[in-house]
Amino acid sequence: MNVTRRDFVKLCAFGAISAGVASRYFQLASSQSAGSDEIKMVRSTCSPNCTGACAYHAMVYRGRITSLIQAADYPESDYNPRGCLKGQSMVNLIYGPDRLKKPLIRVGERGEGKFKAVSWDEALDYAAEKLVEVMKKYGPDSIALSIQVPGTGYVHKGAAIRLASMFGWSVLHGYTMNGDLPAFWSQTFGVQTEEFESLEWVNSRYIAVFGSNILVTRLPDAKFLNIAKERGAKVIMIDMNFTPTAAKADEWIQINPSTDAAFALGIANVIINERLYDEDFIKSYTDMPILVRLDNHKRLRAYEVKELKDEAEKLKKEIPEYRDLFVVYDVNEGRLKIVNPETLERDFEPALEGEFEVELVDGTTVKVKPVFQMIKELVTNEYTPERVAEIITPPGRDKAEYAQLVRRIAREMATTKPLHIIYGASNYQWFHGDLKGRALALIVALTGNIGKPGAGISTYAGQFKIRWPLGMWWLFKGRKTNWVTYLLWMNKEYRQSEEFKKYNRETPYPKNDVKAFVFGWNNPFDQHNMANKLKEMAKSGELEFILAIDFQATTSTKWADVVLPGVAWYEKYELTATILHPYVQMQQPAIEPLFECMPEIWIFKELAKRMVAKWNDEELKAQIAEFYPDPALFEKEENARKNGTWSLKLAREIAHEASLKATELMLGKHELTKGITLERLLKEGAIRLNLPTPDKRQIPFWEQIHEKKPFPPPSFPAPLAKTARFVKSGRIEFYKEEDVFIDFGETLPVHKDPFVDTEYKVNPQAKNKYKYAFITRNALYRVHSTHSNNITMLELQDFRPRVWMNPETAKEKGIKPGDLVEVYNDRGKVRGYAVIDPGIHPRVIIFEQGWWSRYLRGDSYNTLTFPWIKAVHLAYFVPGIWEPTTAWNECACDVRKV
Ligand SMILES: Nc1nc2c(c(=O)[nH]1)N[C@H]1C(S)=C(S)[C@@H](COP(=O)(O)OP(=O)(O)OC[C@H]3O[C@@H](n4cnc5c(=O)[nH]c(N)nc54)[C@H](O)[C@@H]3O)O[C@H]1N2
Ligand SMILES: Nc1nc2c(c(=O)[nH]1)N[C@H]1C(S)=C(S)[C@@H](COP(=O)(O)OP(=O)(O)OC[C@H]3O[C@@H](n4cnc5c(=O)[nH]c(N)nc54)[C@H](O)[C@@H]3O)O[C@H]1N2
Ligand code: SF4
Ligand SMILES: [Mo]
């Protein structure tokens, strides 16, 4: 849209215009002619891995973005405006001193940061040759691709996956690499995750936030907590530390590190023993009435039971293979009944309590109990409010008061509906984070707070979600992706351990290990677990080739052999989605990519083309034009090369066209995107997904609760058969019967102390040496390491990384406010300036993750962390849904003055 400066003020109610796809782009390009005295306003989205996905208007004057303004054009006005100071000051990165200008090839040592600038042809040819060399030597799966979570951009990240699928590279799942996967979801509900849109928070009357720092990490959505409060909701914050979110809550409850499961089980104790639970709900929607054998700890199967065998064999043929037939005791009829796993319609009145004797097919008998009875015994014996207070009460606080607190909170939670629990990423990023999640889910299930407006449990981590199937663009012609767990790569010792051999059922690993590393949209040499190990592998040559794609020079690009300059989100077309709201949106180019930067779709296309030429796969050679969603676009560029009319400008225009075509392909014909067209997106901005709920609200499990469809709903891109086997009863499951759960005493949710099964097990000395938990929470001033170099953000922090600690810690260590201190353990160390804060738990040290190494006077915070693997996460393998996930906070440390 072109306007004169005078007209600018009139543009408050601006809506982007479009006259069809192709003309849209060219109109845009022409208005960028240098010297034209017009201000152009282009709607795009801010898109770090933040979950905000905030719509912004880029104001462009003479081909340059002069300012970024919150678009505030969401159709539901409550969502307006969205944004934050990081998004607002993104120009500091786009035009910043770290911006990459040209492709680079390393000339110095790895990590030294010495490169020569080369032409695109030279860089791409060299990278393609090196990659094919590794593929020939070790097999294609020895190349690992890391592109982070997909929601920040389905088109360009999709192009990277498309390339990986062509050749059969290994792809590392960002969600588990980040530790963002809350493993309790798949174990309990059979899904990756499901969460409320933030607008739904206002419908709750009780919001219990367990370690999610919403006022820092959910900035554009945080206001909905306040609106909920204005409407009468109570907000409580359970956190080891006082946070901005705690400051806004009605009540802050400080507990010991990673003791949330004990707290939740104490709450369950009170709810069960005071009979405050929703009996009808748990009988219909959960596994609580299902009978478990006391001899082998497995659920009783219908076909094992003499009186049910014939009926079970008949029924078995009618249900999918991923379901199974379990049994309840019907109190009305006084006999055992089979649970139909394909519906939640209930034709029995099951016993929740008691113990029964069942005659098996072979004439022997076995004792069984309903899951509810087992939960009741567990919480009654182990998790009385007094016992729980022993576990959760911080040093120096009154345990009797905490026992009373558990009782009060339990009664409030059970009687104030709807209840919403928000379980934060930092809270589940512990070794036993899954147990904590299962215990918290127990509270919402017992009280019937699932599948209703304002009632549920949500976890909000990164922008991970694939909101509808995208395979038509992501996968190259019938080829597949090859997912590999990041932690297995980092933890070779575990790969060779007896425990791994015993419990690993499906989790794959490349037979010749990872030999080349390709990454984009992440900064692994700072951000990833064992950043020091990655550096070692780079230094030693174990990694034979490293390729980085970014729009700016980061810590990680310094470690690469080839660096390819991609573009920021105001220089390309891209399709985005987030979990915090159900809107689909487009990023649009406001300016020409700076310098020689290129849209990533083009980079991956060029790599694919050059690799195919050197790789012996005739089928791929014949199909290569189909890398672009429209082969004619591919040919157009090739022809231009042949007849000498090729230019970067032309390649970019074609790449923009290809991005739009890929978007159209992905919007496709799915029920969820019905009616959402590219043209509409460009014209209207944000469009709501067609969710199967009233007013298309994002209310998880609506269909399960209201239409009696069995659990789980599908988690894209996995086929239902892969995820439904996690909950074979078709219900919410609190009892897990796989051998590994039995062996580790985790058939039901229990509390386990932090560090006992990890740090202290490996090194018993660590218990005395390292008594603090190293908490690397997310910072207000960055999105992970993005904006680490943003001058506005740096000024707000006095350019200083900080280390938070309790006054007692400071006293014991002789540390004063502002002192330079070092947090360390046997693996590594990181430095920052002391902040002494009584709101910090006395056994916690905080360092906010995301600082680039160059600001740290030494090593990265991720030299201290370790890739612990929990065996129950090996029971199945569905990438990003059930696989080992990172536990940042399972990291013991000490602190000293430098
Ligand atoms: N500004 C900003 N926003 C972001 C991001 C960012 O980097 N910057 N990153 C985005 C992404 S990808 C993610 S994953 C999310 C993460 O966002 P959050 O889920 O909010 O995670 P954190 O900020 O790491 O930590 C939240 C709180 O958990 C507490 N906590 C840690 N362990 C425990 C525990 O055992 N029990 C209890 N009760 N509390 C505990 C910490 O004290 C901290 O206050 O944020 C997203 N939003
Ligand atoms: N110790 C510790 N470590 C952590 C965490 C923790 O809590 N503690 N949190 C973890 C979590 S939850 C997460 S999600 C990860 C995130 O960690 P990373 O995924 O590494 O995220 P960033 O550090 O923001 O790096 C993103 C990079 O992508 C680049 N980029 C952004 N947009 C584009 C684009 O459109 N094109 C291209 N080519 N490049 C782009 C940016 O310039 C930046 O360098 O960090 C994890 N690391
Ligand atoms: S950084 Fe996140 S919250 Fe801030 S404007 Fe960008 S997307 Fe929104
Ligand atoms: Mo994340």
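Is Y876 buried or exposed? In this predicted model, Y876 has a relative accessibility of 3% and therefore counts as buried, the limit for that class being under 20%. This residue makes a handy starting point for a walk through the aromatic contacts, an internal cavity and a few backbone details.

A pair of aromatic rings is described by the distance of the centres and the angle of the planes. By the rule applied here, the model holds 42 aromatic pairs. One of them joins F189 and F711, whose ring centres are 6.3 Å apart and whose planes meet at 50°, a tilted arrangement. Along the chain these two residues are separated by 522 positions, so the contact links distant parts of it: F189 belongs to the loop between α7 (184–188) and β9 (206–210), and F711 to the loop between α30 (702–707) and α31 (720–724). F189 is buried, at 1% relative accessibility, and F711 is buried too, with a relative accessible area of 0%. In the pair formed by Y876 and W882, the centres lie 4.8 Å apart and the planes stand at 75°, so this pair is edge-to-face. W882 has a relative accessible area of 2% and is likewise buried.

Some rings also gather in a wider group. F189 and F711 belong to one aromatic cluster together with F184, W185, Y423, Y428 and F701. Charged side chains meet rings elsewhere in the model. The charged end of R896 sits over the ring of Y824, at 3.7 Å from its centre, while R43 lies over the face of Y74, 5.8 Å from the ring centre.

Turning to internal space, 8 cavities of 30 Å³ or more were counted. The second largest cavity encloses about 100 Å³. Its lining is made up of 16 residues, and those closest to the centre are Y428, W430, F431, H873 and T885. Y428, a member of the aromatic cluster, is thus met again at this site. By class, the lining comprises 8 nonpolar, 6 polar and 2 charged residues. Why is the cavity placed between domain 3 and domain 4? Both domain 3 (184–275 + 378–458) and domain 4 (759–897) contribute residues to the lining, so the cavity lies between them.

Two individual positions bring separate stretches of chain into view. R82, in the loop between β4 (64–70) and α2 (85–88), is buried at 1% relative accessibility. Its C-alpha atom is 6.3 Å from that of Q70, with the two positions 12 residues apart along the chain. E133, by contrast, is partly exposed, with a relative accessible area of 37%, and is found in helix α4 (residues 120–138). The C-alpha atoms of E133 and W615 are 9.4 Å apart, although 482 residues separate them along the chain.

The backbone has some features worth a look as well. A cis peptide bond connects K417 to P418, with omega at about -5°; P418 is in the loop between α16 (399–415) and β17 (419–423). Another cis peptide bond, with omega about 5°, joins F716 and P717, and P717 lies in the loop between α30 and α31. Positive phi values in residues other than glycine appear at H784, near 55°, and at F799, near 60°. H784 is placed in the loop between β26 (772–775) and α35 (791–796) and is partly exposed at 26% relative accessibility. F799 sits in the loop between α35 and β27 (802–805) and is partly exposed, with a relative accessible area of 43%.

Terms used. Residues numbered from 1 in each chain as written. Chains lettered and ligands numbered in written order. Predicted model: local features only at pLDDT ≥ 70, side-chain atom pairs only at ≥ 80, totals over all residues. Heavy atoms only, no water. 1 Å grid on protein atoms, 1.4 Å probe; cavity = no way out; pocket = protein on both sides within 12 Å on 5 of 7 lines; lining within 4 Å. Points joined across faces, edges and corners; volume = space filled by probe spheres on them. Nonpolar A, V, L, I, M, F, W, Y, C, P; charged D, E, K, R; others polar. Domains from an automatic or database assignment. Phe/Tyr/Trp six-rings, centres within 6.5 Å; stacked < 30°, edge-to-face > 60°. Helix = DSSP H or I, 4+ residues; strand = E, 2+ residues; numbered from the N terminus. Buried < 20%, exposed > 50% of the residue type's maximum accessible area, 1.4 Å probe, protein only. Lys NZ or Arg CZ within 6 Å of the ring centre and 35° of its normal.
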